[in-house]
Amino acid sequence: MTCVTLGMRFVSLGFNVYITGKIGAEGIGLYSLIMSVGGFAITFATSGVNLASTRLTAEAIGRGSERDVRRAMTRCICYSLVFGCTATLLLYILAEPLSVHVLSDARCILPLKVLSLGLPFISLGSALSGYFTAVRRVVKNASVQICEQFINISITIRLIALLMPKGTEYACTAVILGSCIGESLAFLASFIVYRFDLHRHNGNKGKEEGKLTSKMLSISIPVAVSAYVRSGLVSVEHILIPYGLKKYGAGNSRALASYGTLHGMAMPIILFPMSAVSAFAGLLVPEISGSIAAGEHKRVEMMISRVIRITLAFGIGCAGMMVSFGRELGNVIYSSADAGMFIEMMAPLIPVMYFDHIVDGMLKGFGEQLYSMRVNILDSMLSVILVYLLLPEMGIFGYVVIIYAMEIINTSLSVVRLLSVCDINIDILNWFVKPLCCVITATSLWRLTGPYIMPANMPKGAVDTAAVAISSVIYLMLLRVTMSFDSEDIKWFKNAIK
């Protein structure tokens with residue numbers, strides 16, 4: 001599943017580059033503005049059903065109750081239909097007033113109406129995905145996701161070619177329509193696989209659980225409410241960004257272009273390596289929980305120290321590469337100097353962002369998910385306030401300042417909580433100093449020698465790609481030499497992934 005996640009993120013990044021080249025920075029900004037509302041609609045449509053279907057199905061299997069597997073999924077599918085169809089109705093009716101009075105751009109009306117039609121399929125697909133996770137059929141689920149992605153890409157490319165001449169509004173509609181068609185076909189494929197898989201649970205073994213519906217609601221509704229708050233605040237933040245940029249003095253097109261360049265072009269590059277961290281963070285929850293339940297507290301402390309060292313070495317390495325070669329990456333990937341500037345500007349924050357993500361995974365392993373949720377909500381509330389206050393005064397660079405401030409605050413609060421529930425020793429030398437010295441040495445060696453060892457007639461894009469690849473290899477070699485990343489770490493990492 002980790003390999004699938006990385007592969008899909010890579011394909012998604014390539015597709016994002018293609019779309020950016022077709023619809024431009026303003027189009028990406030408009031699409032991001034549309035999805036600020038669309039993201040909340042999707043959150044409402046799913047309303048915690050994924051966790052509910054996973055928990056109820058897993059518990060039924062644990063009790064050996066085949067009938068309860070079917071009963072649980074019937075309730076989750078009905079729940080998905082209710083919330084998915086309600087979300088469709090509300091978004092379709094409110095698309096025009098939201099676009100005109102909230103987003104201040106009538107071009108959002110058609111894309112939002114198209115997006116509304118895909119919400120029931122997204123919700124139903126989320127319920128089925130939870131089932132496949134619970135019954136450990138991740139290969140089937142991953143296969144459906146891969147098919148969905150390639151269907152989405154194929155259809156969207158054709159739709160962009162067909163609708164792009166009509167303007168930016170229709171280009172964004174093409175992207176959203178392609179995604180909706182992909183989601184609907186993926187749901188149909190998932191449902192067929194689910195129906196075949198359900199034959200495994202056609203018997204009447206095991207004791208039935210009473211009040212299954214109330215149990216489903218007790219799981220899904222709290223998750224849904226917290227997700228509404230978090231998603232709503234994020235939506236408000238992203239709606240306020242173009243508004244603040246306009247007050248700063250940028251025109252509508254320029255405001256959307258700046259927003260699109262930072263949020264839709266630079267940030268996907270900054271966050272792309274985090275897909276490896278995300279996959280690894282998910283492994284920590286059962287690993288830590290199981291070790292605590294077994295009373296293996298020393299093992300937990302050793303594991304956390306090792307994970308922190310690996311994560312920071314990875315994050316500092318990525319940051320060093322993007323600080324040194326950010327402008328080259330912007331030109332190679334997007335042919336955009338502005339994108340390169342933002343990549344370079346955001347790169348020093350990478351270790352903090354990756355570290356925060358892995359600490360959240362650790363806290364969930366300790367059962368501290370409610371604390372993480374409260375911190376994330378506080379983060380979003382402060383972000384909304386700062387966006388409203390700073391962007392009209394500082395423009396897009398004010399948003400960069402806000403991202404830095406919020407990430408540092410969020411990470412600090414999470415680390416303080418981690419230190420309060422786990423006794424670990426902070427190792428400044430191996431966690432920070434050695435990786436930083438290694439990445440500075442690696443990139444400096446390339447800057448000093450690279451221009452002299454590459455063929456003179458080699459295309460610039462190939463030279464820039466080689467610079468990142470060779471510098472990364474040198475960095476890993478230096479880490480190994482300085483023992484920041486030794487054979488025991490490699491062995492443990494491989495065992496954890498297995």
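**Exercise 1. Find which atoms' distance defines the salt bridge of Arg 327 and Glu 344, and place both residues.**

Step 1: The side chains of Arg 327 and Glu 344 form a salt bridge, with 3.2 Å from N to O. A salt bridge here is a side-chain nitrogen of Lys or Arg within 4 Å of a carboxyl oxygen of Asp or Glu.

Step 2: Arg 327 belongs to helix α11 (residues 297-334) and Glu 344 to helix α12 (residues 337-346), so the bridge ties together parts 17 residues apart in sequence. Helices are DSSP runs (H or I, at least four residues), numbered from the N terminus.

Step 3: Arg 327 is partly exposed at 41% relative accessibility, and Glu 344 is partly exposed at 25%. The cut-offs are under 20% relative accessible area for buried, over 50% for exposed, and partly exposed in between (1.4 Å probe, protein chains only).

A word on the model before we go on: it is predicted, so local features need pLDDT of at least 70 and side-chain atom pairs count only at pLDDT 80 or more, while totals for chains, interfaces and linings use all residues. Residues are numbered from 1 along each chain as its sequence is written, and side-chain values use heavy atoms, leaving out hydrogens and water.

**Exercise 2. Work out where Arg 447 and Glu 328 lie in the chain.**

Step 1: Arg 447 and Glu 328 make a salt bridge whose closest N and O atoms are 3.3 Å apart.

Step 2: Arg 447 sits in helix α16 (residues 428-453) and Glu 328 in helix α11, so to speak distant parts of the chain, 119 residues apart.

Step 3: Arg 447 is partly exposed, at 42%, whereas Glu 328 is buried, at 17%.

**Exercise 3. Trace the network that includes Glu 26.**

Step 1: Glu 26 and Arg 107 form a salt bridge, their closest N and O atoms being 3.3 Å apart.

Step 2: Glu 26 lies in helix α1 (residues 2-46), and Arg 107 in the loop between α3 (66-102) and α4, so this pair ties together parts 81 residues apart in sequence.

Step 3: Through shared partners, salt bridges join Glu 26, Asp 105 and Arg 107 into one network. The count of salt bridges comes to 4.

**Exercise 4. Describe how α4 and α5 are oriented.**

Step 1: The axes of α4 (residues 109-117) and α5 (residues 119-134) come within 4 Å and cross at roughly 40°. Axes are lines fitted to C-alpha atoms, for helices over the stretch in contact, with angles from 0 to 180 degrees between N-to-C directions.

Step 2: The two helices are therefore oblique to each other. Angles under 35 degrees count as roughly parallel, over 145 as roughly antiparallel, 65 to 115 as roughly perpendicular, and the rest as oblique.
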